[in-house]
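This report looks at one helix and its surroundings, then at how two domains meet, and finally at a single residue. The structure is shown first.

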Amino acid sequence: MRDRAPRWWQTAVVYQVYPRSFADSDGDGTGDLNGISGRLDYLAWLGVDAIWISPFYPSPMADFGYDVADYTDVDPLFGTLADFDRLVAAAHERNIRVLVDYVPNHTSDQHPWFVESRASRDNPKADWYVWRDPKPDGGLPNNWISMFAGPTWTWDETRAQYYLHIFLAEQPDLNWRNPEVRDAMFDVARFWLDRGVDGFRIDVAPMVMKDPELRDNPPNPDPGWEHSRLGSWLTQLHVNDHNHPDMHELYRSFRSMLESYPGDRVSIGELHHPDFDRWAEYYGERQDEIHVPFNFHVINSPWTADGVRRAVEGVEGVLPAGAWASWVLGNHDQPRIASAERAGRDQARVAMMLLLTLRGTPTLYYGDEIGMVDVPVAVADSRDPLERLEAGRGRDPERSPMPWDDSPNAGFCPPGVSPWLPIAPDFADVNVAGQAVDPGSLLTLTRDLLQLRREHPILRLGDFEPFGPTPDGVLAFRRIGRSGGQLDVLLNLTAEPRAARGSGAGRVVIGTQRERDGEPVGADVELRPNEGLVVEVGR
Ligand code: NOJ
């Protein structure tokens with residue numbers, strides 16, 4: 001990468017839009033594509049370079065769109081294909097790229113492919129899904145457990161066989177070992193590429209190819225990632241349902257297909273793997289697989305300087321030469337970063353500074369720029385099926401509607417309409433309109449950090465180097481310009497003051513609390529509680 005001009009996705013900041021929750025243009029209480037179009041000026045003002053839109057395809061919504069019933073259309077809840085085309089054109093006019101979710105592992109059980117597949121054992125699509133007979137003793141075909149709790153097998157009366165589903169029974173897994181499936185799914189990608197999308201976020205990227213013999217998974221002696229929401233799923237080592245070596249050939253082909261299109265189309269893979277080396281394999285030996293494997297190491301770490309340092313250095317340490325990292329602190333499956341169980345409100349600014357100053361492509365989850373926190377939803381009112389399957393794992397709290405202003409329903413949907421999930425009770429204080437005009441707000445800090453990234457090549461492309469020793473609770477790293485210049489990033493992850501030591505005297509370029517912007521500092525820097533500083537060394 002060093003020798004070539006950076007690709008757009010290396011210098012970009014991606015913004016994730018969860019379409020149900022972003023903006024409702026037609027007053028039904030659920031966000032939609034025209035709602036996103038109506039907020040593109042906001043996203044341009046904020047300064048993001050790309051949006052990733054979670055699924056908006058026709059779906060029975062058993063998993064809110066991650067159960068796709070037609071890969072090449074738009075669910076009427078979200079609009080029409082014409083709305084999508086207008087959204088892409090309007091985003092491109094504003095220099096915002098558009099990434100869509102590609103859900104290859106499973107379809108909805110209502111997808112015509114599955115309806116046909118389950119109709120008999122000898123129809124043309126009989127082998128498009130993973131069907132198995134019971135074991136001779138009548139038991140399940142193997143011991144795999146669903147990521148959403150319970151066995152991965154559901155009995156089908158018509159075929160008198162089990163079908164595999166790593167997620168809900170309504171989400172049967174496709175059989176990617178069947179070349180017809182592969183062709184059909186590559187055609188799906190081409191359909192969206194032809195419509196002008198700039199790339200894909202690939203859902204559960206490492207699960208698509210399974211062990212051909214579907215052998216049992218061994219138990220996991222050391223589940224780790226106790227901070228993740230993966231629950232009972234961590235009790236097995238997912239060696240046979242996950243990360244099969246055949247995935248790599250598949251992603252090489254997928255990348256070749258992307259690269260046969262003009263315009264640097266990109267693949268961003270959802271890749272959960274606690275082992276850094278295994279995770280990094282998805283770049284490909286020749287960096288010819290997934291362009292940007294998402295990494296969830298920071299999300300799955302405790303919010304302590306040591307935890308975050310281990311995650312960041314672990315990722316940096318295994319990146320193949322020239323490979324490009326990605327960073328993410330929140331998404332539609334994780335408690336929000338500003339929630340008490342993650343970093344907490346007081347640390348939200350420090351977290352934003354971390355996300356936007358690390359080396360790599362950051363992805364910002366909608367609402368994190370204003371410090372939204374999880375909005376609890378009682379089990380009885382929960383919309384996410386996961387909550388009912390394993391209490392405490394439900395993802396409604398991080399999916400609550402975006403508060404745009406302090407009007408009734410927060411400007412998300414018209415007053416008097418019931419939003420699909422409750423509006424945050426603090427919306428009168430935490431909303432876009434209020435924070436946009438407040439120079440001390442988190443939104444202003446986020447926008448200013450984004451602008452700093454755009455203006456400072458060191459932040460976009462400079463090298464990364466951790467340094468220390470640092471006092472307890474302080475995380476410190478340098479970004480070093482290829483042609484000179486250096487920025488120190490000093491982050492206090494505690495609620496007490498800390499004396500930090502930077503690389504040398506300089507000037508605060510931006511501080512989380514803003515009163516210190518422009519302040520000259522020596523090598524010894526006092527960090528206030530919950531404070532982060534970016535210091536330009538030698539200025
Ligand atoms: C990962 C997605 O992010 C999540 O929301 C979904 O439930 C599963 N994949 C299944 O598609």
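## Helix 5 and its surroundings

Just after helix 5, Asn95 takes a positive phi of about 60 degrees; helices here are DSSP runs of H or I of at least four residues, strands are runs of E of at least two, and both are numbered from the N terminus. The model is a predicted one, in which local features need pLDDT of at least 70 and side-chain atom pairs count only at pLDDT 80 or more, whereas totals for chains, interfaces and linings use all residues. Residues are numbered from 1 along each chain as its sequence is written, and side-chain values use heavy atoms, with hydrogens and water left out.

Helix 5 comprises the 13 residues 81–93, and because each residue should add 1.5 Å, a span of 18 Å is expected, which agrees with the 18 Å between its end C-alpha atoms; the expected span is 1.5 Å times one less than the number of residues. Leu81, Asp83, Phe84, Leu87, Val88, Ala90 and Ala91 of this helix are buried, that is, under 20% relative accessible area, with over 50% called exposed and values in between partly exposed (1.4 Å probe, protein chains only). An α-helix has 3.6 residues a turn, so residues three or four places apart point the same way. The cover over the buried residues of helix 5 includes helix 3 (33–38), helix 4 (40–46), strand 2 (50–53), strand 3 (97–102) and helix 7 (179–194), where contact means heavy atoms within 4.5 Å.

## The interface between the domains

The domain assignment gives domain 1 (8–102 + 268–449) and domain 2 (461–537), with bounds that come from an automatic or database assignment. Their C-alpha centres lie 27 Å apart, and 24 residues of domain 1 are in contact with 26 residues of domain 2.

Across this interface the rule finds one salt bridge (a side-chain nitrogen of Lys or Arg within 4 Å of a carboxyl oxygen of Asp or Glu). Asp448 forms a salt bridge with Arg514, their closest N and O atoms being 2.8 Å apart. On the side of domain 1 that touches domain 2, helix 10 (305–318), helix 11 (348–357) and helix 14 (442–455) each supply at least two residues, and helix 10 gives the most, with six.

## Arg447

Arg447 lies in helix 14 and, at 29% relative accessibility, counts as partly exposed. Leaving aside residues up to four places away in sequence, Arg447 touches Trp45 and Leu46.
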